Amino acid sequence: MRLSSGDSIFYDLFTAAALNLRDGVRVLSEALAPDADRAALVPRLKDIEHAGDEHTHDIVRRVNSGAKTPFHRDDIYRLAGGIDDVLDDVEAALDLMVLYRIKEMPTGIAAVVDVLDRAADLTAEAMPRLRTANELTKYWIEINRLENEADQTYRRLLAHIFSGEYDALTVHKLKDVIEILESAVDGFERVANIVEQIALKQ
Amino acid sequence: MRLSSGDSIFYDLFTAAALNLRDGVRVLSEALAPDADRAALVPRLKDIEHAGDEHTHDIVRRVNSGAKTPFHRDDIYRLAGGIDDVLDDVEAALDLMVLYRIKEMPTGIAAVVDVLDRAADLTAEAMPRLRTANELTKYWIEINRLENEADQTYRRLLAHIFSGEYDALTVHKLKDVIEILESAVDGFERVANIVEQIALKQ
Amino acid sequence: MRLSSGDSIFYDLFTAAALNLRDGVRVLSEALAPDADRAALVPRLKDIEHAGDEHTHDIVRRVNSGAKTPFHRDDIYRLAGGIDDVLDDVEAALDLMVLYRIKEMPTGIAAVVDVLDRAADLTAEAMPRLRTANELTKYWIEINRLENEADQTYRRLLAHIFSGEYDALTVHKLKDVIEILESAVDGFERVANIVEQIALKQ
């Protein structure tokens, strides 16, 4: 990563935060595979979450110290917080699967994982383009499309787990995990909305 | 609806959005009747939700394009978003009943439906009065009273569905729907709070 | 309580609100004891909640009436609202235990109650120190530590209630109560964050 001078350091920091989030989503994808050794993946994701906290603190500290910022301070806080929130959901989803000792997620979960993977890629690719507001429209249109796709998948999953195939306790566990995954997808959309608002102001 | 010139177009747009929300609540009321053909009502509510999105986008577009506004831009966004949120809950409640294949809601649900109907009427009647801040106090006192009433009903419903009459899976389904209805009532209260703040500033 | 003149009345009002919240947490602690007569504690907590509403309204009324404030008006609203939110959770937790006719909470609940007790003490002790920003750092570091501790306890409790010992309906009831207690702990952390931001601006 090229080190920037002046206020452009913020673009690098957001790019690093989004790449770190993408790493986190990759670990979650592994964990959602049917034969995954989930407990072994928990410390890997924990490390990624700590790295994410470092990025967020670095960004907030620079803003608080009065550094010149490329866009409004509040938007910087919101964007950093938005990326952080998605990573928190990603970690919470894996934690809950381990905590609940879930053996297997419904196969339909693969479609949600796929959406998370693509949203993480799109977000990581969009951050460096904040500098020039280049092709950001395509990014947030695609994220919104993905969120709609995930919403359909989420509803099919809900209908499936409540269909009678699972006992009530398992339904409760699966629904808790699926809700966090859905929240992670929504979180990517919120990040895209913040980016949109930043780009529109520029 | 009389077409307004200048900034007073916003009163008409909010009135149209609130009337549209009232239409949505009416469809939900039909859907909550014991013998309703819910699947047939889904597309009707979907159309109303699309009309609501149009109203919201129209309002936001006018504000973003720099149009003169009768009250603070942030309050316009919040009021439009607040009405939109209630309609989202209304649609989500019907969707979930269909998705979960719920045959019958507990009879106590009629009281919640009644509150939603009255809150929708009061909100639709209040919007044109934003122009003169006329009798708005009565509107938000009554909405707050309705929200308290709904809260009592919500708690009675919770106690009822957890009393042992229903199996755990049905309890989970019913609770999810009842929570969305409660959220819709809270949404009407949030709209009333935004209107109150707008009126107090005038 | 010494009555203050000018803007320093706000320190007294926040101290009174935090002491009242501490009273509420004490009643909840009693209610979570295995042999508690919970129904008898409901009206006591209701009275405390009404007293809390009075404090909040008094604070908001003074700000709205244009009184000189010792820190930014928005921060005063947020701090008052933050304290109010915790008390709402405290009351909701007791209400739900009575409503669900929960006989006994898992023994692990004692650790959560302990965290709530200590967080309430720390918050009540911190409010008078807002005046001088004295030793507030210790307060919010300790609250954050408590929140992390409660988070671990919360997860152990979740793992326990989903372990198979309880039937699905009981799991649903217990989880609802535990989630509100966890939300109350988070609420204390939000209050500490608001206090931190106020102190940093001073």
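A salt bridge is a side-chain nitrogen of Lys or Arg within 4 Å of a carboxyl oxygen of Asp or Glu. In the predicted model described here, the side chains of B:Arg155 and C:Asp95 satisfy this criterion, with an N to O distance of 3.5 Å. Side chains of opposite charge can pair when their charged atoms come close. Over all chains, the structure holds 54 salt bridges.

The relation between the chains was examined next. Two copies of a chain are related by a rotation about an axis and a shift along it. For chain C and chain A, superposition requires a turn of 120° and a shift of 0.0 Å along the axis, and leaves an RMSD of 0.0 Å. This is the relation of a three-fold axis. Within chain C, the residue that comes closest to the rotation axis is C:Ala168, whose C-alpha lies at 3.4 Å.

Where chain C meets chain A, 8 residues of chain C are in contact with 9 residues of chain A. About 880 Å² is buried between these two chains, and carbon and sulfur atoms give 69% of that area. Three residues, C:Arg155, C:Phe162 and C:Ala168, supply 58% of the area that chain C buries against chain A, more than any other three residues. C:Ala168 is thus named twice, as a contributor to this area and as the residue of chain C closest to the rotation axis.

Charged and polar pairs also occur across the interface of chain C and chain A. The rule finds 2 salt bridges there, and the side chains of C:Lys175 and A:Asp176 meet in a salt bridge at 2.6 Å, N to O. In addition, 1 residue pair is in polar contact across this interface. On the side of chain C that touches chain A, the elements that give two or more residues are helix H5 (136-161) and helix H6 (168-201) of chain C. The largest share, 4 residues, comes from H6(C). By class, this side is made up of 5 nonpolar, 1 polar and 2 charged residues.

The interface of chain B and chain C was described in the same terms. The contact takes 8 residues from chain B and 9 residues from chain C, and the area buried between the two chains is about 870 Å², with 69% given by carbon and sulfur atoms. The count of salt bridges between chain B and chain C is 2, and 1 residue pair is in polar contact. Helices H5 and H6 (168-201) of chain B are the elements that give two or more residues to the side of chain B that touches chain C. H6(B) gives the most, with 4 residues. This side of chain B has 5 nonpolar, 1 polar and 2 charged residues.

B:Arg155 itself is placed in helix H5 (residues 136-161) of chain B. Apart from its neighbours within four places in sequence, B:Arg155 is in contact with C:Asp95 and C:Leu99. B:Arg155 counts as partly exposed because its relative accessibility is 22%, and the partly exposed class begins at 20%.

Salt bridges are also found within single chains. In chain B, the side chains of B:Arg26 and B:Asp117 meet at 2.9 Å, N to O. This pair links distant parts of the chain, since B:Arg26 lies in helix H1 (residues 9-32) and B:Asp117 in helix H4 (residues 109-126), 91 residues apart. B:Arg26 is partly exposed, with a relative accessible area of 32%, whereas B:Asp117 is buried at 17%. A salt bridge at 2.9 Å also joins the side chains of B:Glu142 and B:Arg145, which both lie in helix H5 of chain B, 3 residues apart, about one turn of the helix.

In chain C, the side chains of C:Glu149 and C:Arg118 form a salt bridge at 2.9 Å, N to O. C:Glu149 lies in helix H5 and C:Arg118 in helix H4 of chain C, so the pair ties together parts that are 31 residues apart in sequence. In chain A, a network of salt bridges links A:Asp114, A:Arg118, A:Glu142, A:Arg145 and A:Glu149.

Backbone angles were considered last. Most residues other than glycine have a negative phi. A:Glu135, however, has a positive phi near 55°; A:Glu135 is located in the loop between helix H4 (109-126) and helix H5 (136-161) of chain A. C:Arg101 likewise has a positive phi, of about 50°, and lies in the loop between helix H3 (73-99) and helix H4 (109-126) of chain C.

Note on methods
Residues are numbered from 1 along each chain as its sequence is written. Chains are lettered from A and ligands numbered from 1 in the order in which they are written. This is a predicted model: local features need pLDDT of at least 70, side-chain atom pairs count only at pLDDT 80 or more; totals for chains, interfaces and linings use all residues. Side-chain values use heavy atoms; hydrogens and water are left out. Buried means under 20% relative accessible area, exposed over 50%, partly exposed in between (1.4 Å probe, protein chains only). Contact means heavy atoms within 4.5 Å. Copies are superposed by least squares on the C-alpha atoms of residues with pLDDT of at least 70 in both. Buried area is the accessible area (1.4 Å probe) that two parts lose on being put together, summed over both. A polar contact is a pair of N or O atoms within 3.5 Å; within protein, one must be able to donate a hydrogen and the other to accept it, and residues adjacent in sequence count only if both atoms are side-chain atoms. Ala, Val, Leu, Ile, Met, Phe, Trp, Tyr, Cys and Pro count as nonpolar, Asp, Glu, Lys and Arg as charged, and the others, Gly among them, as polar.
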